[in-house]
Amino acid sequence: MFWYVADAAQRGANQINGTDMSGYITYSDSAPDVWVYQDWIAQDFGPNYGLSQCPSGNSGWGSYGSNLMWCRGQVVKFYYNAPNFQGVRGWVGCHEIGHTVGLRHTSSGSSCMNTSNSVWSYSSHDIFSHINPFY
């Protein structure tokens, strides 16, 4: 894995550590909560830098209302060849890892879940209204 893909994943995990959850990177767990991959081509991404998805063979899924959905065995792919991926990898890591814990896109300018800014952290609303109450 290229260092900047690993760095994006680590930055996303670090943002989870600002919540009631713990995020960390390991290469030895055979059944992690989230699988992270680098992708060589943009086949699934369109103009984006990353993709998170719940694979069809996942071991469970659920939701806490319409705004927070979860999936065991979530897959995150980073398209490291996208223009400027290195410059925005902190935002991309935060954003895609946010999807793995159920966060959806927002119009809040203070959240990495906003697709039109480059904030590299979750908003207090993300943390205290969506993540901490359920995890």
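These legends describe close-up views of a predicted model.

**View 1. The whole chain holds three helices and five strands.** Read from the N terminus, the order of elements is α-β-β-β-β-β-α-α. The protein has 135 residues, and 44% of them count as buried. Its exposed area is about 7200 Å². Carbon and sulfur atoms supply 51% of that area. Take the contacts between residues at least 6 apart in sequence: 62% of them join residues at least 24 apart.

**View 2. Three strands form an open sheet in the order 1-5-2.** The pairing is mixed. Strand 1 (34-38) and strand 2 (50-53) are the edge strands. Each has a single partner strand, so one side of each lacks a neighbour in the sheet. From one strand to the next, the twist averages 15°. Strands of a sheet pair through backbone hydrogen bonds, and the pairing is either parallel or antiparallel.

**View 3. Strand 1 pairs with strand 5 in parallel.** Strand 5 covers residues 74-78. Five bridges join strand 5 to strand 1. At residue level, glutamine 38 stands opposite phenylalanine 78 of strand 5.

**View 4. Strand 2 pairs with strand 5 in antiparallel fashion.** Four bridges link these two strands. Glycine 50 stands opposite phenylalanine 78 in strand 5. Serine 52 has valine 76 of strand 5 as its bridge partner. Phenylalanine 78 thus appears in two pairings: opposite glutamine 38, and opposite glycine 50. Strand 2 also has two unlike faces, one covered and one uncovered. Gly50 and Ser52 make up the covered face. Leu51 and Gln53 make up the uncovered one.

**View 5. Strand 5 is largely enclosed by the rest of the structure.** The reason is burial: five of its five residues are buried, so little of the strand is left open. Both of its faces are covered. Gln74, Val76 and Phe78 lie on one side. Val75 and Lys77 lie on the other. Lys77 is buried along with the rest.

**View 6. Helix 2 lies across the three sheet strands.** The helix spans residues 85-100. It crosses strand 1, strand 2 and strand 5. Relative to strand 5, helix 2 runs at about 170°. Threonine 100 belongs to this helix. At 8% relative accessibility, threonine 100 counts as buried. Which residues does threonine 100 touch, not counting those up to four places away in sequence? They are Val34, Gln74 and Val76. Gln74 and Val76 are on one side of strand 5.

**View 7. One disulfide joins cysteine 94 to cysteine 112.** The structure holds one such link. The S to S distance is 2.1 Å. A disulfide is a covalent bond between the sulfur atoms of two cysteines. Is this disulfide left-handed or right-handed? The torsion about the S-S bond is about -65°, so the disulfide is left-handed. Cysteine 94 lies in helix 2, and cysteine 112 lies in the loop between helix 2 and helix 3 (124-131). The pair therefore ties together parts that are 18 residues apart in sequence. Cysteine 94 has 0% relative accessibility and counts as buried. Cysteine 112 is buried too, with a relative accessible area of 0%.

**View 8. Cysteine 94 of helix 2 has contacts beyond its disulfide partner.** Neighbours within four places in sequence are left aside here. Gly12 and Gln15 are in contact with cysteine 94. So are Cys112 and Met113. Trp120, Ser121 and Tyr122 complete the list. Cysteine 94 and tyrosine 122 are 28 residues apart along the chain. Their C-alpha atoms are separated by 7.5 Å.

Terms used
Residues numbered from 1 in each chain as written. Predicted model: local features only at pLDDT ≥ 70, side-chain atom pairs only at ≥ 80, totals over all residues. Heavy atoms only, no water. Pairing = 2+ DSSP bridges. Axes fitted to C-alpha atoms, helices over the stretch in contact; angles between N-to-C directions. Contact = heavy atoms within 4.5 Å. Buried < 20%, exposed > 50% of the residue type's maximum accessible area, 1.4 Å probe, protein only. Areas by Shrake-Rupley, 256 points an atom, 1.4 Å probe, with all protein chains shown as cover. Disulfide = S-S within 2.5 Å.
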